[in-house]
Amino acid sequence: MSMPPQGGWPPPPPGPQPPNQPQYGSPPGYQPYSGQQPYPPQGQWQQPPPPPQKSGGATKWLLVAIAVLLVIGVTIGATLLFTRDGDGPSTPPTSDVPSDIASANDTGPVEIITEEPTCEAFIRINDALAEVHSKGWSETRSSLGPSSEWTDAEREQLESVSTAMRNAADQALPLVSQTPHRVTRELYEQFIAYSRAYVAAIPKYEPRDNALASTSVGTMATLLAICTAIDNGAAGRSLGVSPIDPPQSAPALPDSPASAIFMPQRLPSCAGLTQLSEQYNDATREWQAVDTDLAASQWSPQQREAHRSALDAMTKWADSLLALGRESDSSVFEDFTAAATVYLRAFISAGDSYTSADSWLTFAAYQFNQTMIGACDAAPE
């Protein structure tokens, strides 16, 4: 697996549609969410060629191409700083437990999210954070050494970024209790936890601490994909997908504003996660070259065959991810693998009726995967 360069939250330049592979690097320019949806890459984990330039398009990317590039190129085995008292599981919620957390009674199967009342607030947080991070942080991160070696300019920039991440985490706190969906709540919790852990690491920063930011970015990219799939109608593919049973142990409800990271120690499942990603990447290279902006009716015979072959690989990947999650002994890891699986299966169900909006389904799955890989890389052995 190659190691792509590091980056931040900046969106790609306005206008061009993204290619099928992630755009590694940091495209210039910034334009916040406009309410329209360009199409994300098919997704893979290696350095792609530069994206083709097209006219037209829209600008709701922000996190789209960046989460993949951050998550892989990090060093495993970080010594982390965590900020929560008591990491043990709490009593699983039941329908009789009063709570001001809207998702308290969401203890059932994992399925595609078709409505999410927190998306509008999330997009505002995402846009504000993207704007701060688009001002050269990507370039700085690519060569950032330990804090003892920082220049005054680097130190000033990291102080600005850490302030933005701290504020974004604070602004996301209300969303933890407002979302009615357990999986969305877990994404917000982990965005807050990993953002705060990264900020706490800044004074004694080492390059390995990049993994903390990687996981934070992964959670936001996943949320962006979920919200976009709702907005553009792709989440409607859920009608063809069966829900997946909930984790064997119920996820704990948050008992502190300082949410705990879900992987304080590297899980044995991490090795399998990386292996599955590499196998899937190798099996779908031809499909990765297909423009996501093309509907199925526009495919050439070769593109159609590449798509069908990719669906077979995707089916195997989804099944394997689900099995890996069941063996993980982590309810959040299990939820994330289940969510990745249902989004993959929703995309598979589209078959030859694929439209460009459906690409956000696979992108959601990839970002769940990348969030877990980032957490694995951030966790000490």
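Is Trp287 buried or exposed in this model? With a relative accessible area of 2%, Trp287 is buried. The legends below describe this residue and other sites in a predicted model.

**Figure 1. Overview of the protein chain, which has 11 helices and 0 strands.** From the N terminus on, every element in the order is α: α-α-α-α-α-α-α-α-α-α-α. The protein chain comprises 381 residues, of which 58% count as buried. Among contacts in the protein chain with a separation of 6 or more, 81% are made by residues 24 or more positions apart.

**Figure 2. The aromatic pair of Trp287 and Phe347.** A search of the whole structure finds 14 aromatic pairs. In the pair shown here, the ring centres of Trp287 and Phe347 are 6.0 Å apart and the planes stand at 70°, so the pair is edge-to-face. Trp287 belongs to helix H8 (residues 285–288) and Phe347 to helix H10, so the pair ties together parts that are 60 residues apart in sequence. Phe347 is buried, with a relative accessible area of 1%. His307, in helix H9, is in contact with both Trp287 and Phe347. Trp299 and Gly351 are also in contact with His307. At 3% relative accessibility, His307 counts as buried.

**Figure 3. The largest nonpolar core and Tyr343.** This core holds 96 residues, and those touching the most other members are Phe122, Tyr198, Met263, Tyr343 and Phe368. The elements that give two or more residues to the core include H2, helix H4 (152–178), helix H5 (182–201) and helix H6 (210–231). Helix H7 (269–283), helix H9 (301–326), helix H10 (331–350) and helix H11 (359–378) are also among them. With 12 residues, H11 gives the most to this core. Beyond residues up to four places away in sequence, Tyr343 touches Ile112, Ile113, Ile226, Leu361, Ala364, Ala365 and Phe368. Tyr343 and Phe368 also belong to one aromatic cluster, together with Tyr194, Phe262 and Phe336.

**Figure 4. Surroundings of Ile112, in the loop between helix H1 (66–72) and helix H2 (119–133).** Ile112 is buried, its relative accessible area being 7%. Apart from neighbours within four places in sequence, the residues in contact with Ile112 are Ala235, Ser238, Val342, Tyr343 and Ala346. Pro243 lies 131 residues from Ile112 in sequence, while the C-alpha atoms of these two residues are 7.9 Å apart in space.

**Figure 5. Helix H2 and its buried residues.** The buried residues of H2 are Cys119, Ala121, Phe122, Ile123, Ile125, Asn126, Asp127, Leu129, Ala130 and His133. At 1.5 Å a residue, the 15 residues of H2 should span 21 Å, which agrees with the 21 Å between its end C-alpha atoms.

**Figure 6. The salt bridge between Arg182 and Asp335.** The structure holds 12 salt bridges. In the one between Arg182 and Asp335, the closest N and O atoms are 2.8 Å apart. Arg182 lies in helix H5 and Asp335 in helix H10, so the pair ties together parts that are 153 residues apart in sequence. Both Arg182 and Asp335 are buried. A network of salt bridges links these two residues with Asp106.

**Figure 7. Salt bridges of Arg237 with Asp358 and of Arg266 with Glu381.** The closest N and O atoms of Arg237 and Asp358 are 2.8 Å apart. This pair links distant parts of the chain, with Arg237 in the loop between H6 and H7 and Asp358 in the loop between H10 and H11, 121 residues apart. Arg237 is partly exposed, at a relative accessible area of 22%, whereas Asp358 is buried, at 2%. Between Arg266 and Glu381, the closest N and O atoms are 3.6 Å apart. Arg266 lies in the loop between H6 and H7 and Glu381 in the segment after H11, so the pair ties together parts that are 115 residues apart in sequence. Glu381 is exposed, with a relative accessible area of 67%.

**Figure 8. Glu154, a buried residue that has no salt bridge.** Glu154 is placed in helix H4. The nearest side chain of opposite charge is that of Arg155, 7.5 Å away from Glu154. Leaving aside neighbours within four places in sequence, Glu154 is in contact with Thr140, Leu144 and Glu149.

How values were computed:
Residues numbered from 1 in each chain as written. Predicted model: local features only at pLDDT ≥ 70, side-chain atom pairs only at ≥ 80, totals over all residues. Heavy atoms only, no water. Helix = DSSP H or I, 4+ residues; strand = E, 2+ residues; numbered from the N terminus. Buried < 20%, exposed > 50% of the residue type's maximum accessible area, 1.4 Å probe, protein only. Contact = heavy atoms within 4.5 Å. Core = buried A, V, L, I, M, F, W, Y, C linked by side-chain atoms within 4.5 Å. Phe/Tyr/Trp six-rings, centres within 6.5 Å; stacked < 30°, edge-to-face > 60°. Lys, Arg positive; Asp, Glu negative; His and termini not counted. Salt bridge = Lys/Arg side-chain N within 4 Å of Asp/Glu carboxyl O. Expected span 1.5 Å × (residues − 1).
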